[in-house]
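Welcome to this short tour. Please open your viewer and get ready to select residues as we go.

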Amino acid sequence: MDKIFRVNMSDLTCKVEKVPAEFVTLGGRALTSTIVAAEVPPMCHPLGPNNKLVFAPGQLSGTAAAQSGRMSAGAKSPLTGTIKESNAGGTTAQQFAKMGIKAMIIEGQPKDNKWYRLHVTMDGVTFEDASELVGKQNFAVIDAMNAKYDTKIGVMTIGVPGENRLAAANISVKDPDQKIRSHGRGGLGAVMGSKMIKCITVDATGAGKVEIADPEKFRAAAKVFAKGMLDHPVTGEGLPIYGTNVLINILNEAGGLPTKNFKYGQCEHHDKVSGETMHDTIAGRPNGHTKHGCHAGCIIQCSQVYVDEKGEYITSGFEYETVWGLGINCLIEDLDDCARIDNAMDNIGIDSIEGAVLLAVAMEAGVLPWGDGKEGLRIMNEEIGKCTPIGRILGNGTGSVGQAFGLTRVPVVKNQGIPAYDPRSVKGIGITYATSTQGADHTAGYTIATNILKVGGFVDPLSKDGQVELSRNLQIATTAVDSTGMCIFVAFPCLDIPEVMPAMVDMIAARYGVDMSVDDFVGMGAKILKMEKEFNTAAGFTAEDDRLPEFFEYEPIPPHNAVWDFTPAEIDEVWNF
Amino acid sequence: MKITVKLFAGFRDNRFKMAEQDFPEAATVGDILTALNIDGPELGVALIDGRHVLPEQVLVDGQILSLFPKVGGG
C-alpha cells in the first residue's frame, strides 16, 4: 500500500499518511504541482518556513517500463518565484516507488539552526546530525555516505551554494555509477538548504516490487513502448551514438545557436565542441564510454562518460545545453575545459544551464575574459563554490549578474536563464520560454523537435505561423509526460510512431487498474498546467511576465537577422485552451 | 555548378565533412543525395543556406547544402 511521508522540520517529526483517493493515479509533476498548489501559500517567501519541498517518483517509476526512472521535485522556486518542477534520473525514483513512497513532503524549518540529514527507510524518516557533512561539496558527500552505508544507498544532496541558499543551487542525485544527476533548474537546492537539509539518504531495504493491477496488459504495452524507443531513429540510433550534443551542428547550420551571450546565431568554432567531435574524442580515449544511462532501465543511453587523454574521469551527463553554454555562448573552445567546468558544477551543485548562461553574462560584464575556460573553472570552484561575495552575485543566477553589472542583454524569462536555442530564429521555443509556468525552460514545450528536427511534422522556425499552437500542444503533452517518470526523449517516438503514446497510457492504466485513454492522459496535462498557471497568478504573475527580454526585439540575430516579433496578444493565445 | 556540401553525424562515415562539388545545373537535393549514395528515407533535415528545404528543392550555383540524418537531443 502506497503512502506519503510528511516531514516536518520544525518539530522534527515524520508522519506516514494514507494516499488520498484523488492522488492514487498521479505521479511526478502532476503530484508535486498538485501538492504545492494545494499546500504552499503562493505569496510565501520561497526560502521561508511556509514553502514546501516535495519529491514524487513518476507514475511508472520502479516498474519494468523503459525510461521510467525519473523523480520529480517541486516547490515554489527562489529563482523564478513561480511554481517549479524539476525531474532527474538517478536511483531514488525507483527506490521510492518500490518502497511504496508516493511522495515525500518536507515542510517547516528547524528551530535549533542545526543541519540535518534525512534518512529514509520503509518505516519513515529519521533526522540525523549532518554537522560533519556541512561545507562538503557533492562528490565528498556521496563518498561519505557510500562509506557509511554501501554503494546501494540512495543520495540526494546539496553543495555549499545550496547551503547558502543561492538561487542557482540544484539538488544532486546519485546515479547508478555513483556519479551525479541533477534536479537542475529553479534553485531547488536553495529550498533544501533553507530547510537545513544537507543530504537525504534512501535505504530501500525491504522494498518489494511495484504493484501492477493488470500485469498482462502492462507487459504487452511495455513491449510495444520499448520497441518504439528502439525503432525510432532518434532514440534508437542518433541519441545513443552522439548524445544530445549532436544538436550543436544542426542549430549552427540553422542559425539558431546563440553565440557570445546571444549576439550571433552561428559560431565559427562550432565543430570543435560538436557531438560528432565529442563522440570521436571519447571513443579515442581509454575508459571513455559514448553510451550511458542516467537510470537503470534506460534503453536510449544518450549519456556518456567523458575522460581525459589518460583515461581519467572528467564528467558524465555532459549535455548539449551545457556544452552549448560553455563551448559556444562563452566561446570556450577546448572541450576538456568545458567538461571540467561541467564536473565542477555537479560537484558544487549548481544548475549547469543557469551556470553556463550566467558565466556568459559575467564575461560580457568583464568579470573574466571571453573563452577563458581555466578562469571559468576557477570561478566555479573558488568563487561560487565557496560563496565569496562575487560568487554569491554569480550564484544567484543570470538575472542577478545582469543586474549587478547594469547590463541589458540578460537572457532570462521570469529570472531563469534562457537555454541553447535562440528564440528569434527558432520562434516556437520563444513562445515556450515566454509562457512556460517554470520560467525559460526548453523542455517545457520542446518545439525544436518540429521547428528544427522535423519530428512530429515541420513548422518553419523563422515564421510566426503555427508557433503558438505548437508550443501550447507540446506544453500540455510535456506536463503529462513529466508526470510518468519517463525521460522527455520518449516524445520523439510518441510524435512519430502512432502506437507508442497509447502504449505509454496503457501502461499507466494497467499499473493502477483504471481506464485511461490518450485523451484522458493529455487532459491531465492540461489540468495540471492550468493549476500551475493559477498558482503563478496567485503569486503575483501577470501576462506582462510572459514576455521575452526586450533586446530580442531590437537586436537582429545573424545570419537570418531575425528579431522577436510576436505581439503580446499573440503570445497570450497560448493560454486559450 | 559548384555546391558546398556539408555532412553531419552518421552521414560523415566513409564520406566527408565538407566538400565543394560539381553538379549539373538544376540538380535537386534528392539528386545530390543519390550522388552521395544516401537513401531518401535516411535524410532527417536538409538546409540550404540555413533554411529547411525539401528533397525536390533545386539548387543554385554557390549555395551551401547541409545534410543531417535523423537526429535529436534536447
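Which residues does Met504(A) touch, not counting residues up to four places away in sequence? Select Met504(A) and you will find Leu60(A), Phe225(A), Val481(A), Met486(A), Val490(A), Cys494(A) and Phe521(A) in contact with it, where contact means heavy atoms within 4.5 Å.

Before moving on, know that this is a predicted model, in which local features need pLDDT of at least 70, side-chain atom pairs count only at pLDDT 80 or more, and totals for chains, interfaces and linings use all residues. Residues are numbered from 1 along each chain as its sequence is written, chains are lettered from A and ligands numbered from 1 in the order in which they are written, and side-chain values use heavy atoms, with hydrogens and water left out.

Next, add Tyr421(A) and Phe521(A): with Met504(A), they touch the most other members of the largest nonpolar core, which has 134 residues. Such a core is a set of buried (under 20% relative accessible area, 1.4 Å probe, protein chains only) Ala, Val, Leu, Ile, Met, Phe, Trp, Tyr and Cys residues joined through side-chain atoms within 4.5 Å. Helix 20 (residues 500-512) of chain A gives the largest share of this core, 10 residues; helices are DSSP runs (H or I, at least four residues) numbered from the N terminus. A second, separate core of 33 residues includes Met104(A) and Val125(A).

Now select helix 18 (residues 467-481) of chain A. Because 12 of its 15 residues are buried, helix 18 of chain A is largely enclosed by the rest of the structure. Among those buried residues are Arg472(A), Leu474(A) and Val481(A).

Last stop: show helix 1 of chain A with helix 21 of chain A, where Arg29(A) and Ala30(A) are among the residues meeting a set that includes Met524(A) and Glu532(A).

Technical notes:
Helix = DSSP H or I, 4+ residues; strand = E, 2+ residues; numbered from the N terminus. Expected span 1.5 Å × (residues − 1). Buried < 20%, exposed > 50% of the residue type's maximum accessible area, 1.4 Å probe, protein only.
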